[in-house]
Structures are given as structure tokens and as C-alpha cells.
Amino acid sequence: AGLIAWPFLWLIGWILSRVFSSPRNETYPLVKKALTGPMVFIGILIVFKVVVEELGAGAYAQLVMNAKTLTIIAFVWACWSFISLFRAKKQRKLIENDRPGAAKLLQPISTLLKLVVVLFGLLFWLNNVGVNITTVLAGLGVGGLAVALALQKPIEDLMGALSIFSQAPFRVGDLCKYRQVFGIIEDIGLRTTRIRTLTNTVVSIPNAQIAYHEVENLTYRTKIRYWPTLRLRYDTKPEQLKKISEDILTMLKANKKVHDEPMRVRFTDFDTDAVLLKVHAFMITTDFPKSLEIAEELNYEVMEIVRAAGARFALPGASIQIEGGPVQFPG
């Protein structure tokens, strides 16, 4: 009866696969596999059960039916197929949304779900054949605890990767700063995140650390700040400081590569070996190399303004000034 029903059930599954999907879709093979594989097998089991109940079952057939072996196999097969289908659909959507890292994370998650399905299926089957699963569960609990302790760090890193992919504080290609590490996110793996620094070295950071600490994402900036601190000598006169401030402000306002607001040049503080003049403005760019070019151009103009005002930059260190009249020696 099952062999007779198989072609018709397979045809129904094929028709449903064309209804719910299309051969042009990437996930169509998985849809077709699910509807013409485990679902057809479940249909055959239903037909088989009806026929056996009508005609009567032998001792062996009755044992198989009581253990529900084929039913559990069909259930596990169906769950595996639909997990694969769900994973493929989500991965495709994440890749379209430019989140390949999150798509990669779905592979181990789907594998874990499949193992859980197999484990539950095995426990149900053992219970049906008369095995005391309480002892089995106790053994699994002790073994699972030992495995969990052994895999504590990898599991923490995996959870960190899940946090990174779900919240998306940064993505591959972003320019980020993590503590003293500054560079471009090169790869977000299941255990570590790799950052290529500006010196072309690669730093690998465990996901458990990077997911729960502050990460500064510079790629998300809408503009880049220009804020040098000018250290001028103490013999710089007040009128020179005022002229330098006014000329720098005029220069920034005239530059088409600098935002009009906010824009400040202020005499802020007295240091041990210099007076401090701080400049604050934003450059019209979000590209880091381009911002370096603009900042270099502005720095040259600032140096020219300081030179034209007759002032000089302070050198680090202490100076000694001797006051008083000429020293006279006896004799």
C-alpha cells in the first residue's frame, strides 16, 4: 500500500513545492526536498497505519508500531529539512542586508538544533521500547555539565558572537577603536574578531571580551573633527594670540572643506611650558584618509598664520630666565 501511495504522495509534494516556491528561488531545492521527502514519508506511514489497522498486524509489525520507530525517524527527518530551509532563507535575507557575519553564525546554530532534535527523538524511541530514560537523562546531565565546564570559554565567545551579530555595533570593513587597538574590522568569527591595525598587523580579540566592552565605531561618523591644540611660547603677546585666533577662524570659515558650525578657536589654558590655543571644527568628509589630507592642508595654513603673527611654537621642556643687572666681579 505504501509503494502504491508513494507516486501520488510524491506528486502532491511536488505540486505543493511549486505552489510555495519557484525554481527561480535559491531555496526551491530545499522546499522541494522537504515536501517530497519527509512529508511523503509521513504520508506513507499514515497510509500504512490505516491498512494495518484494517487488516491486522503481526507481532513484529506491532512491536515496530508500538515503538513508533518509523514515526520518530520521519519526525526527525522533517525537522532537519525545515531547519535547513529556515537557515537558508534567513542566510539569504541577512546577506541581502549586508550582514554576512550573522549569516555565518546560523550554520552552527542550525547544527545545534538538529542535534537537539536527534537527541529528543532518541529519548522518545528509548522510552517507547521500554528503556528507563531517567537513568539516561541523569548520565546526560553529568556528561553535559562536564562538557559545559570544558567548553566554557568557547561558549562565551559564541554567545559574544551572537551578541555582536544581533546588535551589529560594527561590521566587517568598519574603522573601529577597541581600547588601545585602532584599525579596520577584517573578520568576525565564531570565537574571535580580527582587527587589522594601521600598521598592517592583525589583532585577534575573543568575542566574549569585545562584545561586552566599549567599541568606538568611527565609520558611523557623519563628519570628522579637526581639533589641534596649539602650544605657543610664554613670550607670545596677548595681541598676537588674539590675531592668531581671529585669522584661524577666518581661514576655517573660508575653507569649503570645513563645516560652518560648530567652529571655535579659544585660548584655553596655561601649561607648564606653553600657553594653549585650541581649535575645534568639523571637516566635510567621513573618509579617514581624506580627513588626513584636509587636516594636513589646514595645519600648513595654521603654521603660516602663527609665523605671520610673529609668534613661535613652544618646545617641550623647561626654560630658565635670569633677571637682574650685570654681574660685577671684584678686583
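## Helix α10 and its two sides

Let's start with helix α10, where Q240, L241, I244, S245, I248, M251 and L252 are buried. These residues sit on the same side of α10, because the arc they cover around the axis is only 135°. On the other side of the helix, P238, E239, K242, E246, T250, K253 and A254 are exposed. A general point about helices helps here: an α-helix has 3.6 residues a turn, so residues three or four places apart point the same way.

What do the buried residues of α10 pack against? Their partners are β7, β8, β9 and α11. As for its dimensions, α10 has 17 residues and reaches 24 Å from its first C-alpha to its last, close to the 24 Å expected at 1.5 Å a residue. Please keep in mind as you read on that this is a predicted model.

## D247, a residue of α10

D247 belongs to helix α10, which covers residues 238-254. Is D247 buried or partly exposed? With a relative accessible area of 26%, D247 is partly exposed. The side chain of D247 meets that of K243 in a salt bridge, with 3.2 Å from N to O. D247 and K243 are separated by about one helical turn, because they are four residues apart in helix α10. K243 counts as partly exposed too, at 41% relative accessibility.

D247 can also be placed relative to a residue much further along the chain. The C-alpha atoms of D247 and V302 are separated by 8.7 Å, while their positions lie 55 residues apart along the chain.

## Helix α11 and S291

Helix α11 spans residues 288-308, and S291 is found in it. Is S291 buried or exposed? S291 counts as buried, because its relative accessibility is 4% and the cut-off for buried is under 20%. Leaving aside neighbours within four places in sequence, S291 is in contact with I224, M283 and T285.

## Strand β7 and the salt bridges of R231

Strand β7, residues 229-232, has two faces: L230 and L232 make up the covered one, and T229 and R231 the uncovered one. β7 pairs with β9 over four bridges, in the antiparallel sense. Within that pairing, R231 stands opposite L276 in β9.

R231 also takes part in a salt bridge, its side chain meeting that of D271 at 2.7 Å, N to O. This pair links distant parts of the chain, with D271 in the loop between β8 (264-270) and β9 (275-283) and R231 in strand β7, 40 residues apart. D271 counts as partly exposed at 28% relative accessibility, and R231 counts as partly exposed at 28% as well. As background, side chains of opposite charge can pair when their charged atoms come close. In this model the count comes to nine salt bridges.

## An open sheet of five strands

Now to another part of the model. In which order do the five strands of the open sheet come? The order is β4-β3-β2-β1-β5, and the pairing is antiparallel. The edge strands are β4 (202-206) and β5 (216-217), each of which pairs on one side only.

Strand β3, residues 192-197, is joined to β4 by five bridges, and the two run antiparallel. Here R194 stands opposite S204 in β4. R194 also meets D187 in a salt bridge between their side chains, at 3.7 Å from N to O. At 32% relative accessibility, R194 counts as partly exposed.

## K177 in strand β1

Strand β1 covers residues 175-178, and K177 lies in it. K177 counts as partly exposed, at 37% relative accessibility. Which residues does K177 touch, not counting those up to four places away in sequence? They are F182, E214, V215 and E216. One more distance helps to place this residue: K177 and T197 are 9.6 Å apart in space, C-alpha to C-alpha, and 20 residues apart in sequence.

How values were computed. Residues numbered from 1 in each chain as written. Predicted model: local features only at pLDDT ≥ 70, side-chain atom pairs only at ≥ 80, totals over all residues. Heavy atoms only, no water. Buried < 20%, exposed > 50% of the residue type's maximum accessible area, 1.4 Å probe, protein only. Contact = heavy atoms within 4.5 Å. Pairing = 2+ DSSP bridges. Salt bridge = Lys/Arg side-chain N within 4 Å of Asp/Glu carboxyl O. Expected span 1.5 Å × (residues − 1). Arc of directions from axis to C-beta.
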